[in-house]
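Please open the model in your viewer and keep the selection panel at hand. The tour below goes from stop to stop, saying at each one what to select and what is there.

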Amino acid sequence: MKTQIVMHILPREIDQCYRLIHDLKRSSYFLSKDDKIILDLTLNLSDHYTNWNDSKLTKEFFIEKFKYIEKVSTFENHFKISHEITGINSVRRNALRENSDVTHFLWVDVDMFINQTCLYMALEAAKSITDDYSIISAELIQGWDPSWDVISNPKTRNTPRVYHEDGVTADRSKSLWGTTDPYDMYMENNIDKEPSLRKIDTIKFGGGLFNLFNADLLRLIDIPDSFTHYGLDDTFIMVGSQMMKQLGYNINQYVLEDVNILEDHWYRENAYDSFLTLTDYKKVKNDFKQVANQAWPHEIKKLQNKLINYKNGKI
C-alpha cells in the first residue's frame, strides 16, 4: 500500500500540526515495512487569511517552524508553502489529480487527536477489503446529532448532548467532545488487538475526521474546480459514493471498531491569535462555500451522468 496523508494548515494551527505529526510518527512504528506513507502538508500563508503587515509575527517565523516539523516527520515529505489563495479543497484536489501510484488517501485535520495504533489499524484493515471502492473511518466519540451514531462508538452514542439554540446540532464544546480530555485516548493502545471493521449500510463521514479512501474512489468522483478553495468537498464525495451504491457499484464504508478519534475542544485556546492580525477568515471561508453552493446542482448532475456512463462502459 502507498498512502498519501493530505493536510492543510493555517499559521495559527502550526502547533496543532506539530502535535499531530508527533502522533503520526509514533503510530508509524507499528506499520509494516511495506507500507509507504507520503505526508502532503500545505502551510497557507496567504494574505486572505492573515494581515501580515499588521501582525507581530512574520511569515518567516512560521516558515521556520514548518521546516522544523518537516525534520520531525519520518515519512516521505511533500511539504509546501502557499502564498496564494488556497484551502482544503485545493490541496485535496491537487493531491488526487497527481499522476502517482498512491493507492489510498487519508484525510485528517490538524485538530484531531488519534491514538497510537489508529494509522496501523486503518492500513491493516484496508488490506483485508476486496471491494472495488471503499472508505474506512475511525470511530467518533459521539457526534453532532444522532445521524452520526452510525460511525460513533456505541458507548458514547447515548451520552446527553448540549444543543445549540436551533435544537438540532450539538454544541460540541459543551457535549462529550468538549468535556473529554483528548489525551485520555492515548491509553487506548492495545497493539495485540486485531483490526475489527463494522460495515455500515450508508455513507457517512466528515472530511477531516480520519478517513481512509481508496484512491480510485476519489479519482472517479473528483473535487470540482467550481468549488474553488473551500466547502462541500467531503459532502460531494459522500453523495457521490451514495450514488455509486444506488447504481450498483461495489462500494462500502467501514468503521474501525474501538479505534476512536476526537476533535480538540479541550485545548483550543490559541496563543497565536494575540500576535496575528487575522482577516475575517470565517467570512472568506463562507464566501468560498457560497460559490460551492451555487455550483452544487450543476456538479451533482454532471457527476450522476458521469457515474452512469462509467458504469455502462461509456467512459
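Select Asp222 to begin, and you will find this residue in the loop between α5 (215–221) and α6, where helices (H or I, at least four residues) and strands (E, at least two) are DSSP runs, numbered from the N terminus. This is a predicted model, in which local features need pLDDT of at least 70 and side-chain atom pairs count only at pLDDT 80 or more, while totals for chains, interfaces and linings use all residues. Residues are numbered from 1 along each chain as its sequence is written, and side-chain values use heavy atoms, with hydrogens and water left out.

Phi of Asp222 is near 70 degrees, a positive value in a residue other than glycine. Most residues other than glycine have a negative phi. Asp222 counts as buried because its relative accessibility is 18%, with buried meaning under 20% relative accessible area, exposed over 50%, and partly exposed in between (1.4 Å probe, protein chains only).

Go next to Gln142, in the loop between β6 (133–140) and β7 (197–200), which also has a positive phi, of about 60 degrees, although it is not a glycine. Gln142 counts as buried, at 0% relative accessibility.

Now select Asn94 in helix α3, which at 47% relative accessibility counts as partly exposed. Add Ile223 to the selection: the C-alpha atoms of Asn94 and Ile223 are separated by 9.2 Å, although these residues are 129 residues apart along the chain.

For the next stop, show helix α2 (residues 59–72) and look down its axis. Which residues of α2 are buried? They are Lys59, Phe62, Ile63, Phe66, Ile69 and Val72. Seen down the axis, these buried residues fall within an arc of 165 degrees, so they line one face of the helix; the arc is that of the directions from the helix axis to the C-beta atoms. The face turned away from the buried side of α2 carries the exposed residues Glu60 and Lys71. The end C-alpha atoms of α2 are 20 Å apart, which agrees with the 20 Å that its 14 residues should span at 1.5 Å a residue, the expected span being 1.5 Å times one less than the number of residues.

Turn then to the empty space. On a 1 Å grid over the protein atoms alone, a cavity is a set of points where a 1.4 Å probe fits but cannot get out, and a pocket is an open set with protein on both sides within 12 Å along at least five of seven lines; lining residues have an atom within 4 Å of a point. Grid points are joined across faces, edges and corners, and a volume is the space filled by probe spheres set on the points.

The largest pocket holds about 1,600 Å³ of space. Of its 48 lining residues, select Asp109, Asp111, Tyr230, Glu263 and Lys285, the closest to its centre. Helix α7 gives the most to this lining, with five residues.

Finally, select Leu10, Pro11, Arg12, Tyr49, Thr50, Leu276, Leu278 and Tyr281, which line the largest cavity, where about 40 Å³ of space lies.

Before closing, colour the chain by pLDDT, the predictor's confidence in each residue, from 0 to 100: the mean for the protein chain is 91, and 97% of its residues reach 70 or more.
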